[in-house]
Amino acid sequence: MTDAAKPAQPALSPSEAALPPMPKIRRIEAADIKDALRLGWEDFRAATGFGLFFGAFYAFAGMILWLMLSEWNMPWLMIPLGVGFPLLGPFIAVGLYEVSRQRQRGEKLRWGHVLGVMVEQRKRELGWMAFVTLFIFWVWLYQIRLLLAIIMGKMSFSSLDQFMGLVFTTAEGWTFLTIGAGVGALLALALFSSTVVSIPLLLDRDRDFITALITSWQSVIQNPRCMIAWGLVVTAAVMAGMATFFLGLIVVLPVLGHATWHLYQKLVEPEEPR
């Protein structure tokens, strides 16, 4: 068939022609995770004041939350909130992403600019990601309360020690732990896959949150071993930081935040000029 005989292709509408292509995902290896952590540590050392500020804010919020639950005699919420609390970390880390981005550009770090960029995100698509995160977090708390009522509803406890004793010394407690851990792992995986790339992408580029979500999931699907390994590294580091009554998070959070920025750049190819 000659070129003249080929059917004409439908012309793209102006809105379709204006749509940027989907971000492209790279394959990464274990060495990339190690390098991201190294770069994250370098960023923290070079901008310690910024890291300690954001880390202290996160750690202080955890302390207040724990003390409030103790005061309200709600020990059953301490475990799910303790597990789910780190999932909100990516939003605190937005400022850390901006610090890493400025350092890569060779720009002078200024508090006004970093905080201004964080405030500016309320006008962009990052707010939708906050909604997604908080929704999954709410589902996590609701399913814990539902399982508690179904499995351990006839048991009474008024302190964390009593609650932990029932959980680890009774058949009902072990059932609650097993089912809760399974459901929690699935929700944590969903939230991790939704945010690991999407939040730094939304900060870095003018894209919609659906594109960011798809890109984030693609990064996990195309690099399952490395991304699950990264999720386990983050979980272990955060849990270790929380074990010191949240004080360890003052250093752990900024290092992981900076490292996440560098991992995002290893995962997503640079945007092509239009």
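**Exercise 1. Locate Met-227 in this predicted model and decide whether Met-227 is buried or exposed.**

Solution. Start with the secondary structure: Met-227 sits in helix H13, which covers residues 224–242. Next, take the relative accessible area of Met-227, which is 0%. Buried means under 20%, so Met-227 is buried.

**Exercise 2. Which residues does Met-227 contact, once neighbours within four places in sequence are left aside?**

Solution. Set those sequence neighbours aside, then list what remains: Ile-28, Phe-192, Val-196, Ser-219, Val-220 and Leu-267 are in contact with Met-227. Now try a C-alpha to C-alpha distance for another pair. Met-227 and Ile-33 lie 194 residues apart in sequence, yet their C-alpha atoms are 8.9 Å apart in space.

**Exercise 3. Find the helix that holds Arg-101, and work out whether Arg-101 is buried or exposed.**

Solution. Arg-101 belongs to helix H6, residues 94–105. Its relative accessible area is 10%. With the cut-off for buried at under 20%, Arg-101 therefore counts as buried.

Now look at the surroundings of Arg-101. Its side chain makes a polar contact of 2.5 Å with the side chain of Glu-98. Beyond residues up to four places away in sequence, Arg-101 touches Val-117, Leu-203, Asp-204 and Trp-261.

**Exercise 4. Describe how H3 and H14 cross, and what classes of residue make up their contact.**

Solution. A reminder before you begin: a pair of packed helices is described by the angle between the axes and the distance between them.

Step one is the geometry. The axes of H3 (residues 48–71) and H14 (residues 249–267) come within 7 Å and cross at roughly 120 degrees. This makes H3 oblique to H14, because the range for roughly perpendicular ends at 115 degrees and roughly antiparallel needs over 145. The crossing of the two helices is right-handed.

Step two is the contact itself. From H3 come Gly-51, Leu-52, Phe-54, Gly-55, Ala-56, Tyr-58 and Ala-59, and they meet Leu-249, Ile-250, Leu-253 and Pro-254 of H14. Sorted by class, the contact has nine nonpolar residues, two polar ones and no charged ones.

**Exercise 5. How many helices and strands does the protein have, and what share of its residues is buried?**

Solution. Count the elements: there are 14 helices and zero strands. For burial, 43% of the 274 residues are buried. To finish, consider contacts between residues at least 6 apart in sequence: 78% of these join residues at least 24 apart.

Key: Residues are numbered from 1 along each chain as its sequence is written. This is a predicted model: local features need pLDDT of at least 70, side-chain atom pairs count only at pLDDT 80 or more; totals for chains, interfaces and linings use all residues. Side-chain values use heavy atoms; hydrogens and water are left out. Axes are lines fitted to C-alpha atoms, for helices over the stretch in contact, and angles run from 0 to 180 degrees between N-to-C directions. Helices (H or I, at least four residues) and strands (E, at least two) are DSSP runs, numbered from the N terminus. Angles under 35 degrees count as roughly parallel, over 145 as roughly antiparallel, 65 to 115 as roughly perpendicular and the rest as oblique. A crossing is left-handed if the near helix is turned anticlockwise from the far one by less than a right angle, and right-handed if clockwise. Contact means heavy atoms within 4.5 Å. Ala, Val, Leu, Ile, Met, Phe, Trp, Tyr, Cys and Pro count as nonpolar, Asp, Glu, Lys and Arg as charged, and the others, Gly among them, as polar. Buried means under 20% relative accessible area, exposed over 50%, partly exposed in between (1.4 Å probe, protein chains only). A polar contact is a pair of N or O atoms within 3.5 Å; within protein, one must be able to donate a hydrogen and the other to accept it, and residues adjacent in sequence count only if both atoms are side-chain atoms.
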